[in-house]
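Trainee: I would like to learn how to read a protein model at the bench. Can we work through one together?

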Amino acid sequence: MATIKDIAKQAGVSPATVSRVLNYDSGLSVGQDTKKRIFEVAEALNYTKHQKKQKPENQVIRLIMWYDSEEELDDLYYLAIRLGIEEKAAELNIRLLKESLDELSSEKTDGIIALGKFDAGEVKTLQKRKEPVLFVDFDAMNYGQDSLVVDFQMSVDLVIDYFIKTGHEKIGILAGVEYTKVNHNEVLDSRRLYFQQRMEQLRLFRPEFVLSGDFTVAGGYQAMKDFLAQTKEVPSAFFASSDALGVGALRAIQEAGLRVPEDIAVIGFNDVSVAKYVMPALSTVHVPTEWMGELALTTILDLTKEKAPVPRKITIGTELVLRDSTN
């Protein structure tokens, strides 16, 4: 694992600055460009694959980015996938045309990677481009489109099985709230749905232990802070739908005078770089985001060469990574 000193050296800042940025220290006054550089270096230093450049492909792929650069810093999941796409594109000498959905250029490309969440109207807009499209982190199979997604059901089962195995029965979830960009339609957090289904099967579901907040550190902090201020009964374990939510929850729990994991154990989701550096280090569900980005790039290249007779959904597995925030 890269150290804070490694990140500081490559980012050109002090180790103290890196530590405070990775811990989302709200009292730190540092520019967005510096934060962006630190987070990107932290993600990149966790990459272990170093491949030689292959024969140039001489193609152009349009990358539709749902998150802008500021939103990426609030939840590093999409930043990590983007970096994986960019690394693979550089290796294969593919030019990426990075655009947002509301500012699409007229330039013709060989294919489109749509990274993020989209509604029916937005999917239709991309279908009109008459270019192969791969949706990443969004299941567009109902629209007849190829998709690359994470196996959320398996991930939720991993978390619940671990909590029960370690003696927890009062288990809560801090789910995420997000919206599509153009029409601002709410996107269902399927982790919340799978959590409820599994907990109901186990006869352990408690609706009062279901929290929600924006997919940010601030969103997780506020949701957990409000919950702890109002409740008399506290779960012994929480699953957060993202590491950003989990980091915010950790801060709120500690501010309330509770101990992690002795009073409340916490597991996040994604395993972005910051999960390793917060105190206590956050247990999480590891999503291979770099590889997911690489796979997205190679898959869209395959689609540019031969159109499949039917759309396909590629599902990415996950694994549980245990750190200090769990028993």
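The dialogue below goes from the overall fold to sheets, helices and single residues.

Mentor: Keep one thing in mind from the start: this is a predicted model.

Trainee: How many helices and strands are there in the protein?

Mentor: The protein has 11 helices and 13 strands. Its radius of gyration is 20 Å, close to the 20 Å that the globule rule gives for 327 residues, so the protein is as compact as a globular protein of that length. Along the principal axes, the C-alpha atoms fill a box of roughly 60 × 50 × 35 Å.

Trainee: What share of the residues counts as buried?

Mentor: Of the 327 residues, 53% count as buried. Look at contacts too. Take those between residues at least 6 apart in sequence: 73% of them join residues at least 24 apart.

Trainee: Now the sheets. How do strands pair in general?

Mentor: Strands of a sheet pair through backbone hydrogen bonds, either parallel or antiparallel. Now the case here. One open sheet has six strands, in the order E2-E1-E3-E4-E5-E12, with parallel pairing.

Trainee: Which are the edge strands?

Mentor: They are E2 (95-99) and E12 (313-316), and each pairs on one side only. From one strand to the next, the twist averages 20°.

Trainee: Over how many bridges do E1 and E2 pair?

Mentor: Strand E1 (residues 60-65) pairs with E2 over five bridges, in the parallel sense. To find the register, pick a residue: isoleucine 61 has leucine 96 in E2 as its bridge partner.

Trainee: Which helix packs on the sheet?

Mentor: Helix H5 (residues 77-92) does. H5 touches E1, E2, E3 (111-115), E4 (133-136) and E5 (146-150). The direction of H5 makes about 155° with that of E3.

Trainee: Let me try strand E6. Is E6 largely enclosed or open?

Mentor: Count its buried residues. Eight of the nine residues of E6 (residues 171-179) are buried, so E6 is largely enclosed by the rest of the structure.

Trainee: Which strand is joined to E6 by four bridges?

Mentor: That is E9 (residues 237-240), which runs parallel to E6. Here glycine 172 stands opposite phenylalanine 238 in E9. E6 also pairs with E8 (residues 210-214), over five bridges in the parallel sense. For that pair, look at alanine 175, whose bridge partner in E8 is serine 212.

Trainee: And how do E6 and E7 run, parallel or antiparallel?

Mentor: E6 and E7 (residues 186-187) run antiparallel, joined by two bridges. Tyrosine 179 stands opposite glutamate 186 in E7. The hairpin of E6 and E7 has six residues between the strands. In that hairpin, histidine 184 takes a positive phi near 55°.

Trainee: On to helix packing. At what angle do H1 and H2 pack?

Mentor: Read the angle and the axis separation together. Helices H1 (residues 4-11) and H2 (residues 15-22) pack at about 105°, with their axes 8 Å apart. H1 and H2 are therefore roughly perpendicular to each other. On the H1 side, the contact is made by Ile4, Lys5, Ile7 and Ala8. H2 contributes Pro15, Val18, Ser19 and Leu22. The residues of this contact divide into six nonpolar, one polar and one charged.

Trainee: How do H2 and H3 cross?

Mentor: The axes of H2 and H3 (residues 32-44) cross at roughly 85° and come within 10 Å. That makes H2 roughly perpendicular to H3. Thr17, Val18, Val21 and Leu22 in H2 meet Lys35, Ile38, Phe39 and Ala42 in H3. By class, the contact of H2 with H3 has six nonpolar, one polar and one charged residues.

Trainee: Last, single residues. Is glycine 268 buried or exposed?

Mentor: Glycine 268 lies in strand E10 (residues 265-270). With a relative accessible area of 0%, glycine 268 is buried. Leave aside its neighbours within four places in sequence, and its contacts are Phe239, Ala240, Ser242, Asp243, Leu282, Ser283, Thr284 and Val285.

Trainee: Where is leucine 193, for contrast?

Mentor: Leucine 193 sits in helix H8 (residues 190-201). Leucine 193 counts as partly exposed, at 37% relative accessibility. Its C-alpha atom is separated by 28 Å from that of glutamate 70, which is 123 residues apart along the chain.

Key. Residues are numbered from 1 along each chain as its sequence is written. This is a predicted model: local features need pLDDT of at least 70, side-chain atom pairs count only at pLDDT 80 or more; totals for chains, interfaces and linings use all residues. Side-chain values use heavy atoms; hydrogens and water are left out. Axes are lines fitted to C-alpha atoms, for helices over the stretch in contact, and angles run from 0 to 180 degrees between N-to-C directions. Angles under 35 degrees count as roughly parallel, over 145 as roughly antiparallel, 65 to 115 as roughly perpendicular and the rest as oblique. Contact means heavy atoms within 4.5 Å. Ala, Val, Leu, Ile, Met, Phe, Trp, Tyr, Cys and Pro count as nonpolar, Asp, Glu, Lys and Arg as charged, and the others, Gly among them, as polar. Two strands pair if DSSP finds at least two bridges between them. The radius of gyration is taken over C-alpha atoms; the globule rule is 2.2 Å times the number of residues to the power 0.38. Buried means under 20% relative accessible area, exposed over 50%, partly exposed in between (1.4 Å probe, protein chains only).
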